[in-house]
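Me: I'd like to learn how to read a model like this one, feature by feature. Can you walk me through it?

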Amino acid sequence: MTALPTAFIEKYQTLLGPEAQSFLAALQAEPSKAYRINPLKEQSVADTDTAVPVPWSRFGYYGQIDGHSPAHTTGQVYSQEPSAQLVAELAAPKPGSRVLDLAAAPGGKTTHLASFMQGQGLLVANEINYKRAKILSENVERFGIRNALVTNHDAQTLSQHFPGYFDTIVLDAPCSGEGMFRKDPAAIQYWHPDYPAENARRQKEILTDALKMLKPGGDLIYSTCTFAPEEDEQVIAWALKTYPDLSIVPVARPEGVDAGRPEWADGNPALADTLRLFPHHLAGEGHFMAKLHRSATAEIDQSQGNVERTNLTVEQRQSWNALAKELLREPLDGVLYAFGDQLYRLPEGTPSLKQLHVLRPGLHLGTFKKKRFEPSLALALALPVAAFRHQYALTDQQWRDYVHGDVLMLPAQAKDPGKGWLLLTINGFGTGFGKRVDRQIKNFYPKGLRFLARTTEQDAVK
Ligand SMILES: C[S@@+](CC[C@H](N)C(=O)[O-])C[C@H]1O[C@@H](n2cnc3c(N)ncnc32)[C@H](O)[C@@H]1O
(Lines give C-alpha, C1' and ligand atoms only; values in the text may rest on other atoms or scores of the structure.)
Protein backbone atom coordinates (compact mmCIF):
# COMPACT_ATOMS: atom_id res chain seq x y z
CA MET A 1 0.00 0.00 0.00
CA THR A 2 1.09 3.61 -0.66
CA ALA A 3 2.51 5.18 2.52
CA LEU A 4 0.13 7.45 4.42
CA PRO A 5 1.11 11.17 4.40
CA THR A 6 2.91 12.26 7.57
CA ALA A 7 0.46 15.16 8.10
CA PHE A 8 -2.44 12.67 7.96
CA ILE A 9 -0.80 10.40 10.53
CA GLU A 10 -0.08 13.32 12.86
CA LYS A 11 -3.62 14.67 12.53
CA TYR A 12 -5.22 11.39 13.59
CA GLN A 13 -2.66 10.87 16.37
CA THR A 14 -3.84 14.19 17.79
CA LEU A 15 -7.55 13.44 17.28
CA LEU A 16 -7.58 9.80 18.39
CA GLY A 17 -4.76 9.69 20.94
CA PRO A 18 -3.73 6.15 21.90
CA GLU A 19 -6.41 4.72 19.56
CA ALA A 20 -4.61 6.16 16.53
CA GLN A 21 -2.23 3.22 16.35
CA SER A 22 -4.97 0.66 15.70
CA PHE A 23 -6.77 3.07 13.31
CA LEU A 24 -3.61 3.60 11.26
CA ALA A 25 -2.81 -0.12 11.32
CA ALA A 26 -6.33 -0.89 10.02
CA LEU A 27 -5.70 1.45 7.08
CA GLN A 28 -2.80 -0.83 6.05
CA ALA A 29 -4.95 -4.00 6.12
CA GLU A 30 -6.88 -5.56 3.24
CA PRO A 31 -10.19 -3.88 2.33
CA SER A 32 -13.50 -5.52 3.31
CA LYS A 33 -15.61 -6.66 0.38
CA ALA A 34 -19.36 -7.03 0.42
CA TYR A 35 -22.44 -6.95 -1.75
CA ARG A 36 -26.20 -6.65 -1.51
CA ILE A 37 -28.82 -8.95 -2.95
CA ASN A 38 -31.61 -7.37 -4.96
CA PRO A 39 -35.08 -7.71 -3.42
CA LEU A 40 -36.64 -6.35 -6.64
CA LYS A 41 -35.87 -9.73 -8.19
CA GLU A 42 -38.30 -12.43 -7.27
CA GLN A 43 -36.02 -15.34 -6.38
CA SER A 44 -33.22 -15.92 -3.91
CA VAL A 45 -29.68 -15.89 -5.25
CA ALA A 46 -28.36 -19.41 -5.73
CA ASP A 47 -24.72 -18.86 -6.66
CA THR A 48 -23.49 -16.34 -4.10
CA ASP A 49 -22.17 -16.86 -0.61
CA THR A 50 -24.72 -15.60 1.93
CA ALA A 51 -22.98 -17.10 4.96
CA VAL A 52 -21.92 -13.84 6.64
CA PRO A 53 -24.48 -11.00 6.69
CA VAL A 54 -23.42 -7.37 7.04
CA PRO A 55 -25.01 -6.79 10.47
CA TRP A 56 -26.53 -3.35 9.77
CA SER A 57 -27.74 -4.04 6.24
CA ARG A 58 -31.03 -5.76 5.40
CA PHE A 59 -29.71 -7.00 2.06
CA GLY A 60 -25.94 -7.16 2.62
CA TYR A 61 -23.40 -10.00 2.85
CA TYR A 62 -19.62 -10.13 3.09
CA GLY A 63 -17.93 -11.53 0.01
CA GLN A 64 -16.78 -10.64 -3.46
CA ILE A 65 -18.90 -10.62 -6.60
CA ASP A 66 -17.56 -11.48 -10.05
CA GLY A 67 -18.61 -8.57 -12.28
CA HIS A 68 -18.91 -10.97 -15.23
CA SER A 69 -21.07 -13.57 -13.51
CA PRO A 70 -24.73 -14.25 -14.36
CA ALA A 71 -25.71 -13.07 -10.84
CA HIS A 72 -24.10 -9.67 -11.47
CA THR A 73 -25.17 -9.21 -15.09
CA THR A 74 -28.79 -10.03 -14.36
CA GLY A 75 -28.83 -7.54 -11.46
CA GLN A 76 -29.35 -10.05 -8.65
CA VAL A 77 -26.47 -8.47 -6.71
CA TYR A 78 -24.64 -5.13 -6.32
CA SER A 79 -21.09 -4.86 -4.95
CA GLN A 80 -20.86 -2.32 -2.15
CA GLU A 81 -18.37 -2.09 0.69
CA PRO A 82 -20.02 -2.80 4.07
CA SER A 83 -19.95 0.59 5.82
CA ALA A 84 -21.61 2.33 2.83
CA GLN A 85 -24.52 -0.06 3.35
CA LEU A 86 -25.70 1.84 6.42
CA VAL A 87 -26.56 5.04 4.49
CA ALA A 88 -29.72 3.89 2.70
CA GLU A 89 -30.69 1.90 5.81
CA LEU A 90 -30.94 5.24 7.65
CA ALA A 91 -33.06 6.61 4.82
CA ALA A 92 -35.29 3.49 4.44
CA PRO A 93 -37.67 5.34 2.09
CA LYS A 94 -41.29 4.25 1.96
CA PRO A 95 -42.75 2.81 -1.26
CA GLY A 96 -44.69 5.61 -2.96
CA SER A 97 -42.56 8.45 -1.58
CA ARG A 98 -40.42 11.01 -3.45
CA VAL A 99 -36.72 10.34 -3.01
CA LEU A 100 -33.61 12.13 -4.28
CA ASP A 101 -30.11 10.67 -4.41
CA LEU A 102 -28.27 13.90 -5.21
CA ALA A 103 -24.70 12.68 -5.82
CA ALA A 104 -25.56 9.23 -7.03
CA ALA A 105 -22.94 7.70 -9.35
CA PRO A 106 -22.07 4.91 -9.68
CA GLY A 107 -25.29 3.93 -7.91
CA GLY A 108 -24.56 2.15 -4.63
CA LYS A 109 -27.04 4.21 -2.63
CA THR A 110 -29.53 4.52 -5.52
CA THR A 111 -29.85 0.76 -5.96
CA HIS A 112 -30.16 0.37 -2.20
CA LEU A 113 -32.86 3.07 -1.94
CA ALA A 114 -34.75 1.41 -4.80
CA SER A 115 -34.63 -1.85 -2.83
CA PHE A 116 -36.82 -0.21 -0.19
CA MET A 117 -39.20 1.47 -2.65
CA GLN A 118 -40.33 -1.72 -4.45
CA GLY A 119 -40.89 0.14 -7.73
CA GLN A 120 -43.43 2.56 -6.16
CA GLY A 121 -43.00 6.33 -5.98
CA LEU A 122 -40.32 8.43 -7.61
CA LEU A 123 -36.56 8.03 -7.18
CA VAL A 124 -34.48 10.79 -8.77
CA ALA A 125 -30.87 9.64 -9.13
CA ASN A 126 -28.75 12.64 -10.03
CA GLU A 127 -25.08 12.91 -10.95
CA ILE A 128 -23.17 16.03 -12.00
CA ASN A 129 -20.55 14.22 -14.09
CA TYR A 130 -21.96 13.02 -17.42
CA LYS A 131 -19.69 9.98 -17.82
CA ARG A 132 -20.47 8.87 -14.28
CA ALA A 133 -24.18 9.56 -14.85
CA LYS A 134 -24.08 7.08 -17.76
CA ILE A 135 -22.59 4.41 -15.51
CA LEU A 136 -25.26 5.20 -12.92
CA SER A 137 -27.92 4.80 -15.58
CA GLU A 138 -26.51 1.39 -16.59
CA ASN A 139 -26.56 0.25 -12.98
CA VAL A 140 -30.17 1.41 -12.59
CA GLU A 141 -31.01 -0.67 -15.65
CA ARG A 142 -29.08 -3.73 -14.49
CA PHE A 143 -30.77 -3.63 -11.07
CA GLY A 144 -34.21 -3.65 -12.72
CA ILE A 145 -35.31 -0.33 -11.20
CA ARG A 146 -38.61 0.82 -12.72
CA ASN A 147 -39.28 4.06 -10.84
CA ALA A 148 -36.06 6.08 -11.29
CA LEU A 149 -35.32 9.24 -13.25
CA VAL A 150 -31.58 9.48 -13.88
CA THR A 151 -30.59 13.14 -14.24
CA ASN A 152 -27.33 14.95 -14.96
CA HIS A 153 -27.27 18.30 -13.14
CA ASP A 154 -25.32 20.26 -10.60
CA ALA A 155 -27.15 20.59 -7.29
CA GLN A 156 -27.93 24.28 -7.80
CA THR A 157 -29.68 23.76 -11.15
CA LEU A 158 -31.57 20.73 -9.86
CA SER A 159 -32.79 22.70 -6.84
CA GLN A 160 -34.57 25.14 -9.15
CA HIS A 161 -36.63 22.28 -10.61
CA PHE A 162 -37.63 20.65 -7.33
CA PRO A 163 -38.24 23.25 -4.58
CA GLY A 164 -39.49 21.61 -1.37
CA TYR A 165 -40.31 18.45 -3.35
CA PHE A 166 -38.69 15.41 -1.76
CA ASP A 167 -39.69 13.37 1.31
CA THR A 168 -36.20 11.88 1.56
CA ILE A 169 -32.86 13.11 0.23
CA VAL A 170 -29.54 11.31 0.36
CA LEU A 171 -26.47 13.50 -0.05
CA ASP A 172 -23.50 11.15 -0.27
CA ALA A 173 -21.17 14.06 -0.71
CA PRO A 174 -17.97 14.24 -2.74
CA CYS A 175 -15.26 14.21 -0.08
CA SER A 176 -11.55 13.76 0.64
CA GLY A 177 -12.10 9.99 0.51
CA GLU A 178 -9.98 8.90 3.47
CA GLY A 179 -12.23 5.85 3.74
CA MET A 180 -11.12 4.91 0.22
CA PHE A 181 -7.42 4.68 1.11
CA ARG A 182 -7.43 0.86 1.36
CA LYS A 183 -9.51 0.28 -1.76
CA ASP A 184 -7.95 2.92 -3.96
CA PRO A 185 -4.37 4.07 -3.25
CA ALA A 186 -4.91 6.98 -5.71
CA ALA A 187 -7.07 8.57 -2.97
CA ILE A 188 -3.91 8.81 -0.85
CA GLN A 189 -2.12 10.72 -3.63
CA TYR A 190 -4.89 13.34 -3.77
CA TRP A 191 -4.79 14.02 -0.04
CA HIS A 192 -3.10 17.14 1.36
CA PRO A 193 -3.62 18.94 4.68
CA ASP A 194 -6.02 21.53 3.21
CA TYR A 195 -8.02 18.98 1.22
CA PRO A 196 -10.68 18.36 3.92
CA ALA A 197 -11.34 22.12 4.32
CA GLU A 198 -11.61 22.52 0.54
CA ASN A 199 -14.12 19.67 0.40
CA ALA A 200 -16.07 21.09 3.34
CA ARG A 201 -16.65 24.36 1.43
CA ARG A 202 -18.11 22.42 -1.51
CA GLN A 203 -20.15 20.18 0.81
CA LYS A 204 -21.79 23.19 2.46
CA GLU A 205 -22.69 24.60 -0.97
CA ILE A 206 -24.21 21.30 -2.11
CA LEU A 207 -26.02 20.81 1.21
CA THR A 208 -27.51 24.34 0.88
CA ASP A 209 -28.97 23.40 -2.51
CA ALA A 210 -30.05 19.97 -1.27
CA LEU A 211 -32.03 21.54 1.57
CA LYS A 212 -33.95 23.73 -0.90
CA MET A 213 -35.42 20.48 -2.25
CA LEU A 214 -36.45 18.96 1.10
CA LYS A 215 -40.12 19.07 2.11
CA PRO A 216 -41.17 20.28 5.53
CA GLY A 217 -41.27 17.08 7.60
CA GLY A 218 -38.73 15.39 5.30
CA ASP A 219 -35.41 13.70 6.11
CA LEU A 220 -31.98 14.27 4.62
CA ILE A 221 -29.17 11.76 5.10
CA TYR A 222 -25.76 13.39 4.81
CA SER A 223 -22.82 11.02 4.40
CA THR A 224 -19.16 11.00 3.46
CA CYS A 225 -16.55 8.28 3.11
CA THR A 226 -13.98 10.27 5.04
CA PHE A 227 -12.89 10.57 8.67
CA ALA A 228 -12.09 14.31 8.53
CA PRO A 229 -14.13 16.24 11.15
CA GLU A 230 -14.12 19.31 8.83
CA GLU A 231 -16.31 17.34 6.38
CA ASP A 232 -18.30 15.43 8.96
CA GLU A 233 -19.34 16.82 12.37
CA GLN A 234 -18.30 20.36 11.38
CA VAL A 235 -20.56 20.39 8.31
CA ILE A 236 -23.49 19.15 10.39
CA ALA A 237 -22.73 21.69 13.17
CA TRP A 238 -22.77 24.42 10.51
CA ALA A 239 -26.10 23.13 9.08
CA LEU A 240 -27.76 23.08 12.52
CA LYS A 241 -26.66 26.67 13.18
CA THR A 242 -27.64 27.92 9.72
CA TYR A 243 -31.03 26.18 9.50
CA PRO A 244 -32.99 26.33 12.78
CA ASP A 245 -35.70 24.08 11.26
CA LEU A 246 -33.23 21.15 11.15
CA SER A 247 -32.52 18.61 13.86
CA ILE A 248 -30.49 15.40 14.04
CA VAL A 249 -32.62 12.25 14.27
CA PRO A 250 -31.16 9.90 16.89
CA VAL A 251 -30.76 6.45 15.30
CA ALA A 252 -29.92 3.04 16.74
CA ARG A 253 -26.17 2.48 16.62
CA PRO A 254 -25.27 -1.06 15.47
CA GLU A 255 -22.45 -2.82 17.32
CA GLY A 256 -19.05 -1.49 16.25
CA VAL A 257 -20.47 1.83 14.98
CA ASP A 258 -19.15 4.88 16.88
CA ALA A 259 -21.06 7.98 17.93
CA GLY A 260 -20.07 11.26 16.25
CA ARG A 261 -17.67 13.49 18.18
CA PRO A 262 -19.16 16.83 19.31
CA GLU A 263 -15.71 17.90 20.54
CA TRP A 264 -14.39 17.69 16.97
CA ALA A 265 -16.83 20.46 15.99
CA ASP A 266 -18.54 23.14 18.10
CA GLY A 267 -19.33 20.93 21.08
CA ASN A 268 -23.10 20.69 20.28
CA PRO A 269 -24.06 17.50 22.19
CA ALA A 270 -26.60 16.59 19.46
CA LEU A 271 -23.62 15.71 17.23
CA ALA A 272 -23.23 12.52 19.28
CA ASP A 273 -26.29 11.30 17.34
CA THR A 274 -24.30 11.25 14.10
CA LEU A 275 -22.56 7.99 13.18
CA ARG A 276 -18.94 7.14 12.49
CA LEU A 277 -17.79 3.84 11.03
CA PHE A 278 -14.11 3.20 11.65
CA PRO A 279 -12.17 0.32 10.05
CA HIS A 280 -10.50 -0.57 13.37
CA HIS A 281 -13.89 -1.06 15.05
CA LEU A 282 -15.78 -2.99 12.36
CA ALA A 283 -15.30 -4.79 9.06
CA GLY A 284 -15.81 -1.90 6.61
CA GLU A 285 -13.86 0.90 4.93
CA GLY A 286 -15.18 3.84 6.93
CA HIS A 287 -18.03 6.34 6.66
CA PHE A 288 -19.71 9.20 8.45
CA MET A 289 -23.47 9.80 8.37
CA ALA A 290 -26.15 11.98 9.92
CA LYS A 291 -29.92 11.80 9.58
CA LEU A 292 -31.37 15.32 9.55
CA HIS A 293 -35.07 16.10 9.91
CA ARG A 294 -36.77 19.30 8.76
CA SER A 295 -39.60 20.41 11.03
CA ALA A 296 -43.05 19.88 9.54
CA THR A 297 -43.92 23.53 10.13
CA ALA A 298 -40.90 24.91 8.24
CA GLU A 299 -41.84 27.50 5.65
CA ILE A 300 -40.07 26.96 2.35
CA ASP A 301 -40.93 27.28 -1.35
CA GLN A 302 -42.69 24.16 -2.58
CA SER A 303 -43.08 22.88 -6.13
CA GLN A 304 -46.58 23.04 -7.61
CA GLY A 305 -45.92 19.52 -8.90
CA ASN A 306 -47.19 19.50 -12.51
CA VAL A 307 -47.28 15.90 -13.66
CA GLU A 308 -45.86 14.79 -17.04
CA ARG A 309 -48.35 13.27 -19.49
CA THR A 310 -48.03 10.81 -22.31
CA ASN A 311 -46.74 12.27 -25.59
CA LEU A 312 -47.11 9.26 -27.93
CA THR A 313 -48.41 9.60 -31.49
CA VAL A 314 -51.11 7.18 -32.66
CA GLU A 315 -48.51 5.26 -34.74
CA GLN A 316 -46.13 4.98 -31.80
CA ARG A 317 -48.89 3.68 -29.55
CA GLN A 318 -49.92 1.10 -32.14
CA SER A 319 -46.33 0.01 -32.61
CA TRP A 320 -45.83 -0.49 -28.84
CA ASN A 321 -49.23 -2.18 -28.39
CA ALA A 322 -48.41 -4.72 -31.11
CA LEU A 323 -45.11 -5.60 -29.51
CA ALA A 324 -46.56 -5.66 -25.97
CA LYS A 325 -49.26 -8.10 -27.11
CA GLU A 326 -46.67 -10.44 -28.59
CA LEU A 327 -44.25 -10.15 -25.68
CA LEU A 328 -46.25 -9.79 -22.46
CA ARG A 329 -49.02 -11.80 -20.83
CA GLU A 330 -50.69 -8.65 -19.39
CA PRO A 331 -50.67 -5.06 -20.72
CA LEU A 332 -48.34 -2.63 -18.89
CA ASP A 333 -50.08 0.25 -17.13
CA GLY A 334 -48.57 3.70 -16.56
CA VAL A 335 -47.69 6.84 -18.52
CA LEU A 336 -45.80 6.08 -21.74
CA TYR A 337 -43.34 8.69 -22.92
CA ALA A 338 -41.30 8.91 -26.11
CA PHE A 339 -37.84 10.45 -25.90
CA GLY A 340 -36.84 10.70 -29.56
CA ASP A 341 -37.08 7.12 -30.86
CA GLN A 342 -36.88 5.65 -27.33
CA LEU A 343 -39.95 4.64 -25.35
CA TYR A 344 -40.17 4.80 -21.56
CA ARG A 345 -42.78 4.23 -18.88
CA LEU A 346 -42.54 7.15 -16.46
CA PRO A 347 -42.48 6.60 -12.70
CA GLU A 348 -45.81 7.48 -11.08
CA GLY A 349 -46.25 11.23 -10.53
CA THR A 350 -43.23 12.17 -12.69
CA PRO A 351 -43.00 15.98 -12.75
CA SER A 352 -42.58 17.98 -15.95
CA LEU A 353 -39.38 16.91 -17.68
CA LYS A 354 -39.00 20.22 -19.54
CA GLN A 355 -35.50 21.68 -19.24
CA LEU A 356 -34.30 18.73 -17.22
CA HIS A 357 -31.29 16.82 -18.53
CA VAL A 358 -32.57 13.28 -18.14
CA LEU A 359 -30.60 10.18 -19.11
CA ARG A 360 -33.29 7.67 -18.13
CA PRO A 361 -36.91 8.75 -17.56
CA GLY A 362 -38.18 5.60 -15.86
CA LEU A 363 -38.44 2.13 -17.31
CA HIS A 364 -36.95 1.87 -20.79
CA LEU A 365 -39.32 -0.20 -22.91
CA GLY A 366 -37.47 -0.15 -26.22
CA THR A 367 -36.82 1.56 -29.54
CA PHE A 368 -39.16 2.57 -32.36
CA LYS A 369 -37.68 1.21 -35.59
CA LYS A 370 -39.15 1.57 -39.08
CA LYS A 371 -42.46 -0.35 -38.87
CA ARG A 372 -41.49 -2.32 -35.78
CA PHE A 373 -40.56 -1.98 -32.13
CA GLU A 374 -37.50 -3.51 -30.50
CA PRO A 375 -37.75 -4.27 -26.75
CA SER A 376 -34.98 -3.05 -24.45
CA LEU A 377 -32.66 -4.91 -22.13
CA ALA A 378 -34.15 -2.86 -19.26
CA LEU A 379 -37.53 -4.52 -19.81
CA ALA A 380 -35.98 -8.00 -19.65
CA LEU A 381 -34.25 -7.08 -16.39
CA ALA A 382 -37.13 -5.23 -14.69
CA LEU A 383 -40.22 -7.39 -15.18
CA PRO A 384 -40.73 -10.77 -13.52
CA VAL A 385 -39.89 -13.69 -15.81
CA ALA A 386 -43.51 -14.86 -15.64
CA ALA A 387 -44.65 -11.59 -17.28
CA PHE A 388 -43.29 -12.77 -20.65
CA ARG A 389 -45.17 -15.12 -22.99
CA HIS A 390 -42.18 -16.91 -24.48
CA GLN A 391 -39.04 -17.79 -22.62
CA TYR A 392 -35.97 -19.84 -23.30
CA ALA A 393 -33.61 -21.00 -20.54
CA LEU A 394 -29.96 -20.73 -21.56
CA THR A 395 -27.29 -23.20 -20.49
CA ASP A 396 -24.11 -21.69 -18.99
CA GLN A 397 -22.34 -22.02 -22.36
CA GLN A 398 -25.25 -20.48 -24.26
CA TRP A 399 -25.29 -17.58 -21.78
CA ARG A 400 -21.55 -16.99 -22.39
CA ASP A 401 -22.21 -17.03 -26.15
CA TYR A 402 -25.16 -14.65 -25.71
CA VAL A 403 -23.34 -12.01 -23.64
CA HIS A 404 -20.48 -12.28 -26.15
CA GLY A 405 -22.96 -11.29 -28.90
CA ASP A 406 -23.13 -14.59 -30.81
CA VAL A 407 -26.17 -15.92 -32.65
CA LEU A 408 -27.57 -18.95 -30.79
CA MET A 409 -28.84 -22.17 -32.38
CA LEU A 410 -31.80 -23.94 -30.86
CA PRO A 411 -30.67 -27.55 -30.27
CA ALA A 412 -32.67 -30.13 -32.30
CA GLN A 413 -34.04 -31.77 -29.13
CA ALA A 414 -35.05 -28.45 -27.47
CA LYS A 415 -38.69 -27.94 -26.47
CA ASP A 416 -40.28 -25.39 -28.81
CA PRO A 417 -40.07 -22.04 -26.97
CA GLY A 418 -42.35 -20.30 -29.51
CA LYS A 419 -41.52 -17.99 -32.36
CA GLY A 420 -40.53 -14.34 -32.46
CA TRP A 421 -39.36 -12.51 -29.33
CA LEU A 422 -38.07 -14.71 -26.51
CA LEU A 423 -37.05 -13.69 -23.03
CA LEU A 424 -33.73 -15.45 -22.50
CA THR A 425 -33.08 -16.56 -18.93
CA ILE A 426 -30.10 -17.83 -16.97
CA ASN A 427 -30.65 -19.61 -13.64
CA GLY A 428 -34.28 -18.44 -13.73
CA PHE A 429 -33.50 -14.71 -14.24
CA GLY A 430 -34.12 -12.61 -17.35
CA THR A 431 -30.85 -11.73 -19.10
CA GLY A 432 -32.04 -10.15 -22.39
CA PHE A 433 -34.03 -10.77 -25.54
CA GLY A 434 -33.49 -12.96 -28.56
CA LYS A 435 -35.60 -13.27 -31.68
CA ARG A 436 -36.33 -16.75 -32.93
CA VAL A 437 -36.23 -17.30 -36.69
CA ASP A 438 -36.39 -21.05 -37.56
CA ARG A 439 -33.69 -22.66 -35.38
CA GLN A 440 -31.71 -19.47 -34.96
CA ILE A 441 -32.03 -17.08 -32.03
CA LYS A 442 -30.83 -13.63 -33.09
CA ASN A 443 -28.89 -11.79 -30.45
CA PHE A 444 -30.26 -8.49 -29.08
CA TYR A 445 -27.83 -8.08 -26.18
CA PRO A 446 -26.70 -4.42 -26.48
CA LYS A 447 -23.41 -4.11 -28.35
CA GLY A 448 -21.89 -1.77 -25.77
CA LEU A 449 -22.38 -4.33 -22.97
CA ARG A 450 -21.04 -7.46 -24.70
CA PHE A 451 -18.12 -9.21 -23.04
CA LEU A 452 -16.14 -12.42 -22.96
CA ALA A 453 -17.25 -14.43 -19.92
CA ARG A 454 -14.71 -17.01 -18.80
CA THR A 455 -15.66 -20.45 -17.53
CA THR A 456 -14.68 -21.47 -14.00
CA GLU A 457 -12.12 -23.85 -15.57
CA GLN A 458 -10.59 -21.00 -17.59
CA ASP A 459 -10.36 -18.92 -14.42
CA ALA A 460 -8.62 -21.80 -12.67
CA VAL A 461 -5.80 -21.96 -15.27
CA LYS A 462 -5.51 -18.18 -15.67
C1 LIG B 1 -19.12 9.76 -2.97
S2 LIG B 1 -19.53 9.89 -4.64
C3 LIG B 1 -21.11 9.20 -4.73
C4 LIG B 1 -21.18 7.70 -4.59
C5 LIG B 1 -22.58 7.18 -4.78
N6 LIG B 1 -23.51 7.82 -3.88
C7 LIG B 1 -22.67 5.67 -4.59
O8 LIG B 1 -23.06 5.22 -3.51
O9 LIG B 1 -22.37 4.93 -5.55
C10 LIG B 1 -19.84 11.58 -4.85
C11 LIG B 1 -20.38 11.99 -6.20
O12 LIG B 1 -20.64 13.40 -6.15
C13 LIG B 1 -20.43 13.93 -7.43
N14 LIG B 1 -20.27 15.40 -7.31
C15 LIG B 1 -19.12 16.11 -7.34
N16 LIG B 1 -19.39 17.44 -7.24
C17 LIG B 1 -20.73 17.56 -7.15
C18 LIG B 1 -21.63 18.67 -7.06
N19 LIG B 1 -21.16 19.92 -7.04
N20 LIG B 1 -22.95 18.41 -7.02
C21 LIG B 1 -23.41 17.14 -7.04
N22 LIG B 1 -22.60 16.06 -7.13
C23 LIG B 1 -21.29 16.27 -7.18
C24 LIG B 1 -19.20 13.19 -7.92
O25 LIG B 1 -19.11 13.20 -9.34
C26 LIG B 1 -19.43 11.78 -7.37
O27 LIG B 1 -20.02 10.93 -8.30
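Me: Let's start with backbone angles. Which residue just after α13 takes a positive phi?

Reply: That's G405, with a phi of about 100 degrees, right after α13 ends. Keep in mind throughout that this is a predicted model.

Me: What about a positive phi in a residue other than glycine? Where is Q118, for instance?

Reply: Q118 sits in the loop between α5 and β5 (122–126). Its phi is near 55 degrees, a positive value in a non-glycine residue. Q355 is another case, with phi near 65 degrees, and its place is the loop that runs between β14 (342–345) and β15 (358–361).

Me: Are Q118 and Q355 buried or exposed?

Reply: The trick is to count C-beta atoms within 10 Å: 20 or more means buried, 12 or fewer means exposed, and anything in between is partly exposed. Q118 has 14 other C-beta atoms in that range, so it is partly exposed. Q355 has 8 such neighbours and therefore counts as exposed.

Me: Back to α13, then. Which of its residues are buried?

Reply: Helix α13 covers residues 396–404, and its buried residues are Q398, W399, R400, Y402 and V403.

Me: And what covers those buried residues of α13?

Reply: Here you look for the elements in contact with them. The cover includes helix α3 (70–73) and the strands β19 (408–409), β20 (420–426), β21 (429–437) and β22 (440–443).

Me: Let's zoom out. How many helices and strands does the protein chain have?

Reply: There are 14 helices and 22 strands in the protein chain. Of its 462 residues, 45% are buried.

Me: How do I judge the overall size?

Reply: Compare the radius of gyration with what a compact globule would give. For 462 residues that would be near 23 Å, and the protein chain has 24 Å, so the two agree. You can also look at extents: the C-alpha trace spans about 75 × 60 × 35 Å along its principal axes.

Me: What share of the contacts join residues at least 24 apart in sequence?

Reply: Take the contacts between residues at least 6 apart in the chain; 72% of them join residues at least 24 apart. For a pair you can find by eye, try E205 and Q156: they are 49 residues apart in sequence, yet 8.6 Å apart in space, C-alpha to C-alpha. E205 belongs to helix α9 (residues 195–212). It has 13 other C-beta atoms within 10 Å, so it is partly exposed.

Me: Into which domains is the protein chain divided?

Reply: Domain 1 covers 6–294 and domain 2 covers 390–462. To see how they relate, check both the centres and the contacts. The centres, taken over C-alpha atoms, are separated by 36 Å, and 9 residues of domain 1 are in contact with 10 residues of domain 2. On the domain 1 side, the touching residues divide into 2 nonpolar, 5 polar and 2 charged.

Me: Now the ligand. How many residues surround the ligand, and which are closest?

Reply: The shell has 17 residues, and the closest are A103, G108, I128, D172 and P174. Sorting the shell by class gives 9 nonpolar, 3 polar and 5 charged residues.

Me: Which residues does the UniProt annotation "binding site" cover?

Reply: According to the unreviewed UniProt entry, they are A103, A104, A105, P106, G107, G108, K109, E127, D154 and D172.

Me: Take A103 from that list. Where is the place of A103, and what is it in contact with?

Reply: A103 is in the loop between β4 (98–101) and α5 (108–117). It counts as buried because it has 22 C-beta neighbours inside 10 Å. Leaving aside neighbours within four places in sequence, A103 is in contact with E127, L171, D172, A173 and P174.

Me: And where does D172 lie?

Reply: D172 lies in strand β7, residues 166–172. With 23 other C-beta atoms within 10 Å, D172 is buried. Not counting residues up to four places away, D172 touches V87, A103, K109 and S223.

Me: One last backbone feature. Which residues does a cis peptide bond join?

Reply: Omega is the angle to check. The cis bond joins A105 and P106, with omega about 5 degrees. P106 is found in the loop between β4 and α5.

Technical notes: Residues numbered from 1 in each chain as written. Predicted model: local features only at pLDDT ≥ 70, side-chain atom pairs only at ≥ 80, totals over all residues. Helix = DSSP H or I, 4+ residues; strand = E, 2+ residues; numbered from the N terminus. Contact = placed C-beta atoms within 7 Å. Near = placed C-beta within 6 Å. Nonpolar A, V, L, I, M, F, W, Y, C, P; charged D, E, K, R; others polar. Rg over C-alpha atoms; globule rule 2.2 N^0.38 Å. Domains from an automatic or database assignment. UniProt positions renumbered as here; feature names shortened; annotations may be inferred.
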